[in-house]
Amino acid sequence: MRAVQIKQYGGTETLQLVQIDTPKINADDLLIQVKSAAINPVDWKIREGYLQEFIPYTLPVTLGWDVAGIVIEIGAEVSDFKVGDEVFSRPDISRNGSYADFIAVKANEAVLKSTKLDFAQAAALPLAGITAWQCLVDVGQLQAGQRVLIHAGAGGVGHLAIQIAKAKGAIVIATASASNQALLTQLGADQAVDYTKAPLSEQIEAVDLVIDTMGGTVQDDSWALLKKGGMLVSVTQPPSEETAKEFGVTGVFVFIEPSSRILGELNALVEADKLTPLIEHRFSLEQIVEAHQQSQSGHTRGKIVIEVS
Ligand SMILES: NC(=O)c1ccc[n+]([C@@H]2O[C@H](COP(=O)([O-])OP(=O)(O)OC[C@H]3O[C@@H](n4cnc5c(N)ncnc54)[C@H](OP(=O)(O)O)[C@@H]3O)[C@@H](O)[C@H]2O)c1
């Protein structure tokens, strides 16, 4: 089968489209024929070697940890799926990924995809959607009527977070550059904020929850935007406990795990017409370098999808 692998860490020149054996499955696995995969910033962070200490791979490894496709084989112990099922998953990041014709995933990491999603949309949802749900709902405990600030509201995580927060009845404030202000409003944000125009402290009234997808100065500037007792949830940089204490708030770092429970929640929002992934860029496996370059630009709207078959 075809797969995009890296044999060493480095720039986009390390991405190689190669022929390898179709994966063998374990008793608790599904073998999925990949229809679509999606790109996430973690893919190129792993490629560059930034996460070597955190996730030690034996190279070569196939990248990509979002998948939608068709079950073509089930492990001996699997009873919840059958051959032909249309599924989506954010599989275990320590195994070979989805930039390939086939992927083996644990059955308990996959869910039947909503029929309202095509394969590209279903591939766009798992990693970013699980992240958004976990930050807002599981960790942030977002309640109806609360004010939530979502940084990078036009990005992969942010555009889903806006929709999930609205579905939970929150008042949503989201940031993006000037060219994405209309998109934030279309996605449901109550206040669209242009982070290039003026300091956020001059544009945003106090919030209960901040979702930090940027880290650095964006995180630094977010503490003062929180109400006392509020929470900052970051997916990019562990927040300082000391600073959180100074501001009388909580800071939490989230690194997501596969979750079929959350995939079920996302499916339910899709079924209720409250969640639609936005795909702004489509590439083939042969165009993987361009796809990584797009993600590394830091200014992707919505998601980047790889159409595999
Ligand atoms: N810890 C975890 O488990 C986890 C899970 C998922 C993601 N992440 C991390 O979260 C980050 C975001 O992921 P993603 O998939 O959403 O990335 P992404 O899709 O590449 O984000 C791109 C977006 O960032 C916006 N942006 C850039 N600079 C900004 C700024 N200063 N303020 C506000 N928005 C800004 C851009 O909007 P403009 O073009 O309008 O500037 C663009 O729409 C990545 O670092 C990723 O690795 C971590």
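User: Where is Gln141 found?

Analyst: Gln141 is in the loop between H3 and strand E9 (147-150). Helices (H or I, at least four residues) and strands (E, at least two) are DSSP runs, numbered from the N terminus. Gln141 is not a glycine, although its phi is positive, about 50 degrees.

User: What kind of model is this, and how are residues numbered?

Analyst: This is a predicted model, where local features need pLDDT of at least 70, side-chain atom pairs count only at pLDDT 80 or more, and totals for chains, interfaces and linings use all residues. Residues are numbered from 1 along each chain as its sequence is written, and side-chain values use heavy atoms, with hydrogens and water left out.

User: OK, the ligand. Where does it sit?

Analyst: In the largest pocket. A pocket is an open set of points on a 1 Å grid over the protein atoms alone, where a 1.4 Å probe fits, with protein on both sides within 12 Å along at least five of seven lines. To sit there, a molecule needs more than half of its atoms within 2 Å of the pocket's grid points.

User: Which elements give two or more residues to the shell?

Analyst: Helix H1 (41-48), helix H3 (126-139), helix H4 (156-167) and strand E10 (171-176).

User: And which residues come nearest?

Analyst: Lys45, Ser177, Tyr195, His299 and Thr300, out of 25 around the ligand. Near means that a heavy atom of the residue lies within 4 Å.

User: How does the shell divide by type?

Analyst: There are 13 nonpolar, 11 polar and 1 charged. Ala, Val, Leu, Ile, Met, Phe, Trp, Tyr, Cys and Pro count as nonpolar, Asp, Glu, Lys and Arg as charged, and the others, Gly among them, as polar.

User: What about polar atoms of Asn180?

Analyst: A polar side-chain atom of Asn180 is 2.8 Å from a ligand oxygen. For Ile256, a backbone N or O atom is 2.9 Å from a ligand oxygen. For Ala152, a backbone N or O atom is 3.5 Å from a ligand nitrogen. The cut-off for a pair of N or O atoms is within 3.5 Å.

User: Where does Ala152 lie?

Analyst: In the loop between E9 and H4. Ala152 also has a positive phi, about 55 degrees, though it is not a glycine.

User: Switching topic. Which peptide bond is cis?

Analyst: Leu59 to Pro60, with omega near 5 degrees. Pro60 is in the loop between H1 and strand E4 (61-62).

Note on methods. Polar contact = N/O pair within 3.5 Å; in protein donor to acceptor, adjacent residues only side chain to side chain. 1 Å grid on protein atoms, 1.4 Å probe; cavity = no way out; pocket = protein on both sides within 12 Å on 5 of 7 lines; lining within 4 Å.
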